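User: I would like a close look at a single part of this model, with its surroundings explained for a first-year student. Please give one connected account.

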Amino acid sequence: MIIVAADGSGNFCTVQEAVDHIPDNNKERVVISIKNGVYKEKLHIEKPLISLIGESAEHTIITFDDYAKKTFPNGEVYETFHSYSVFIGADDFTAERLAFSNSAGRGELVGQAVAAYVDADRVSFADCRFLGYQDTLFTGPLPPAPMKRGRFGGPREGMPRRHGRHYYRRCYIEGDVDFIFGSATAVFHDCEIFSKGRRFGGEDASGEFPSNRIHGWLTAPSTPEDVHYGYVFHGCRLTGDAPPRSVYLSRPWRNYAKAAFLNCWMGEHIAAAGWDNWNKPESEETTVFCEYENRGPGAATQERAAWSSLLTAEEAEAYAIPKVLAGSDGWDPAVS
């Protein structure tokens, strides 16, 4: 076991130093134990079979403050995919009791600011926190091509796209606009998903968030057409400080987006329609947005978008966690 401690009492003072110490051709799991502290570093992991274990998610924090509107010395803009605080690009990664944070601030001011960029297979997080505003958690791979500009940028620009499976258990994830987004198959199990209210360039005299605006979308999947599962939320709590009916469950970053919410509690901030087509009416024919047995003030389905669906009990069985994540190798993070 490698010990990281900011106060110098461990083997290394930064997490990146500990990761760099591991051989590139690592074949056995390496556990890095991280003591409580704030580690301000832009962490990059591309070595397999690494486990990061913190003392507590509230007090073991890996953070950085890059953001989309920031510029490189040559004047090039960072855009979304250079803004990450932590990049995880190797398979069989696990993390426990850690916070991954982007402290750049509100998207209205700085644009997208990714806390964790996760582009790998068989990745699991337990009792972790993902903290940010716009685009907090990216679950790679990238879509085939950008919608508006010539390139995505970031650590995976131009590299082959590999489908990844992720498992998030008892995690806390916060943000506002599309703060969980990407192409992976990802299960969120017993997590809290917290929607932050937005200021829109200012706040009214009462100090409250404006209630006549859309404050966000929990997810923006870009699920590939040939992949059966996108985002699956099991037994999660959807909370937030955004105004009532101001946050959507999802919108399709790409037209074959898939998202399912099963047995979740939904706060009153969830919009009555539930689902948004991102001004792409053609996506209504190809997305798979569905729900099953949710509860709470935001779970009423009478006004849900007509192109979304309510699962039957038999259909819901297909979303059991082992089925969603098994893939061709039978991966089960509960026993990995």
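Analyst: The side chains of Y172 and E174 are joined by a polar contact of 2.9 Å. A polar contact is a pair of N or O atoms within 3.5 Å; within protein, one atom must be able to donate a hydrogen and the other to accept it, and residues adjacent in sequence count only if both atoms are side-chain atoms. The model is predicted, so local features need pLDDT of at least 70 and side-chain atom pairs count only at pLDDT 80 or more, while totals for chains, interfaces and linings use all residues. Residues are numbered from 1 along each chain as its sequence is written, and side-chain values use heavy atoms, with hydrogens and water left out.

Y172 belongs to strand 15, residues 172-175. Helices (H or I, at least four residues) and strands (E, at least two) are DSSP runs, numbered from the N terminus. With a relative accessibility of 14%, Y172 counts as buried; buried means under 20% relative accessible area, exposed over 50%, and partly exposed in between (1.4 Å probe, protein chains only). Leaving aside residues up to four places away in sequence, Y172 touches C128, R129, F130, L131, E192 and F194, where contact means heavy atoms within 4.5 Å. By contrast, N11 lies 161 residues from Y172 in sequence and 29 Å from Y172 in space, C-alpha to C-alpha.

Strand 15 takes its place in an open sheet of 8 strands, in the order 3-6-9-12-15-18-21-24, with parallel pairing. Strand 3 (37-40) and strand 24 (265-266) are at the edges and have a single partner strand each, so one side of each lacks a neighbour in the sheet. Two strands pair if DSSP finds at least two bridges between them. Strand 18 (residues 192-195) and strand 21 (residues 237-240) run parallel and are joined by 4 bridges; there, I193 has L238 in strand 21 as its bridge partner. In general, strands of a sheet pair through backbone hydrogen bonds, either parallel or antiparallel.

F130, one of the residues that Y172 touches, also appears in the largest nonpolar core. This core has 56 residues, and those with the most contacts inside it are I32, L52, F100, F125, F130, Y168 and F188. A nonpolar core is a set of buried Ala, Val, Leu, Ile, Met, Phe, Trp, Tyr and Cys residues joined through side-chain atoms within 4.5 Å. F100 touches, among others further along the sequence than four places, F125, C128, R129, F130 and L131. A second, separate core of 15 residues includes Y229, Y292, L311 and W331.

Which cysteine sulfur is closest to that of C171? The closest is in C191, at 4.8 Å, which is too far for a bond. C171 is buried, with a relative accessible area of 3%. Likewise, the sulfur of C264 is 4.7 Å from its closest cysteine sulfur, in C236, again too far for a bond, and C264 is buried at 0% relative accessibility. A disulfide is a pair of cysteine sulfur atoms within 2.5 Å, and by this rule the count comes to 0 disulfides.

The backbone deserves a final remark. Most residues other than glycine have a negative phi, and most peptide bonds are trans. D92, in the loop between strand 7 (86-88) and strand 8 (94-96), has a positive phi near 60°. A cis peptide bond, with omega about 20°, joins G140 and P141.
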